[in-house]
Amino acid sequence: MGETITLLSKREIEKMRRAGRLAAQLLDHLAPMVKPGVSTLQLNDEAERWTKAHNATSAPLGYHGFPKSICTSINEVICHGIPNARQILKDGDIINIDVTPILDGYHGDTSRTFFVGTPSPTARKLVEVTEECLRRGIAAVKPGAKIGDIGAAIQEYAEPHGFSVVRDFVGHGVSNIFHTPPQIPHFGQRGKGKRLRPGMVFTIEPMINEGTWEAVVLKDGWTAITKDGKLSAQFEHTLAVTETGVEILTLPD
Ligand code: MF3
Ligand code: CO
Ligand code: CO
């Protein structure tokens, strides 16, 4: 029963490490561009240029018809926002930039939420809590733990702050394929789900909302927004389960 979870070899994990490092360096490269007046298309085009210059390609471009090279998700957009020349960053916005370069056949999938200028106190709190959710989710990863331990750690931190955990989008296995089993929910119960084993590689990418967790996908078929129009934030890393714990693959060095 159920789908097979591929365990990656040492050689494959080294390729994931290189792709992951490139992904993190791409976010570092884009970070100084996140300023009022910049369009999300400018971020996209610089990401595409930089990725090609580093002998990589952009996994999102053409993935199930996605039209751009990165996802840019502003304020109430939960994920999968499409870069657009008419969408201009303004002071007080929060923007998640999600990048996935493919290097030597392997994917590095990572995202961060950035402040544009000065955030509101609520926006700052939401983004800080979301980053801590990712940190706590990662801390739950070790051989013998269960997939449910990850979501439980995230949900138990987010909800007492009055925030909610998105249900409709989850973390995922990632390798030479962008999205593979297992699914990694960011909510759930400790002790439930499949056991983690060395060589598993997957993302944790909690999307945390200011209000309701419910999502609506716009008519473009991609952009997912909060049903109540309140803020949403997200952070993502790609991770490998090691013999002793966890290795974050999407760090810049
Ligand atoms: N990078 C996203 C993720 O974290 C997936 C984007 S799929 C796209 O899984 F088609 F929207 F690019
Ligand atoms: Co991603
Ligand atoms: Co992902």
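This is a short dialogue on reading a ligand site, a sheet and two backbone details in a predicted model.

Reader: Let's begin with the ligand. Where does ligand 1 sit?

Author: Happy to start there. Ligand 1 occupies the largest pocket.

Reader: Which residues come nearest to ligand 1?

Author: There are 14 residues around the ligand, and those that come nearest are Pro60, His172, His179, Glu205 and Glu236. By character, the shell holds six nonpolar, four polar and four charged residues.

Reader: How should I read the polar contacts here? What lies 2.7 Å from an oxygen atom of ligand 1?

Author: A good way in is to look for pairs of N or O atoms within 3.5 Å. In this model, a polar side-chain atom of histidine 179 is 2.7 Å from a ligand oxygen. Histidine 172 also places a polar side-chain atom by an oxygen atom of ligand 1, at 3.0 Å. Aspartate 109 joins in too: an N or O atom of its side chain is 3.2 Å from an oxygen of the ligand.

Reader: And how much of ligand 1 does the protein bury?

Author: On its own, ligand 1 exposes 330 Å², and 97% of that is buried by the protein.

Reader: Let's turn to the sheet. How do strands pair in general?

Author: Strands of a sheet are held in pairs by backbone hydrogen bonds, and the pairing can be parallel or antiparallel. Here, three strands make an open sheet in the order E8-E12-E15, with antiparallel pairing.

Reader: Which are the edge strands?

Author: They are E8 (164-165) and E15 (232-234), each of which pairs on one side only.

Reader: How many bridges join strand E12 to E15?

Author: Three bridges link E12 (residues 207-209) with E15, and the two run antiparallel. To find one of them on your screen, start from isoleucine 208, whose bridge partner in E15 is alanine 233.

Reader: Now for the backbone. Where is there a cis peptide bond?

Author: Check omega along the chain: it is about 5° at the cis bond joining proline 181 and proline 182. Proline 182 belongs to strand E10, which covers residues 180-184.

Reader: Which residue has a positive phi although it is not a glycine?

Author: That would be asparagine 75, with a phi of about 50°. Look for asparagine 75 in the loop between strand E2 (71-74) and strand E3 (77-79).

Technical notes. Residues are numbered from 1 along each chain as its sequence is written. Chains are lettered from A and ligands numbered from 1 in the order in which they are written. This is a predicted model: local features need pLDDT of at least 70, side-chain atom pairs count only at pLDDT 80 or more; totals for chains, interfaces and linings use all residues. Side-chain values use heavy atoms; hydrogens and water are left out. A residue is near a molecule or strand if one of its heavy atoms lies within 4 Å of it. A polar contact is a pair of N or O atoms within 3.5 Å; within protein, one must be able to donate a hydrogen and the other to accept it, and residues adjacent in sequence count only if both atoms are side-chain atoms. Accessible areas come from the Shrake-Rupley method with a 1.4 Å probe; for residues, only the protein chains shown count as cover. On a 1 Å grid over the protein atoms alone, a cavity is a set of points where a 1.4 Å probe fits but cannot get out, and a pocket is an open set with protein on both sides within 12 Å along at least five of seven lines; lining residues have an atom within 4 Å of a point. A molecule sits in a cavity or pocket if more than half of its atoms lie within 2 Å of its grid points. Ala, Val, Leu, Ile, Met, Phe, Trp, Tyr, Cys and Pro count as nonpolar, Asp, Glu, Lys and Arg as charged, and the others, Gly among them, as polar. Two strands pair if DSSP finds at least two bridges between them. Helices (H or I, at least four residues) and strands (E, at least two) are DSSP runs, numbered from the N terminus.
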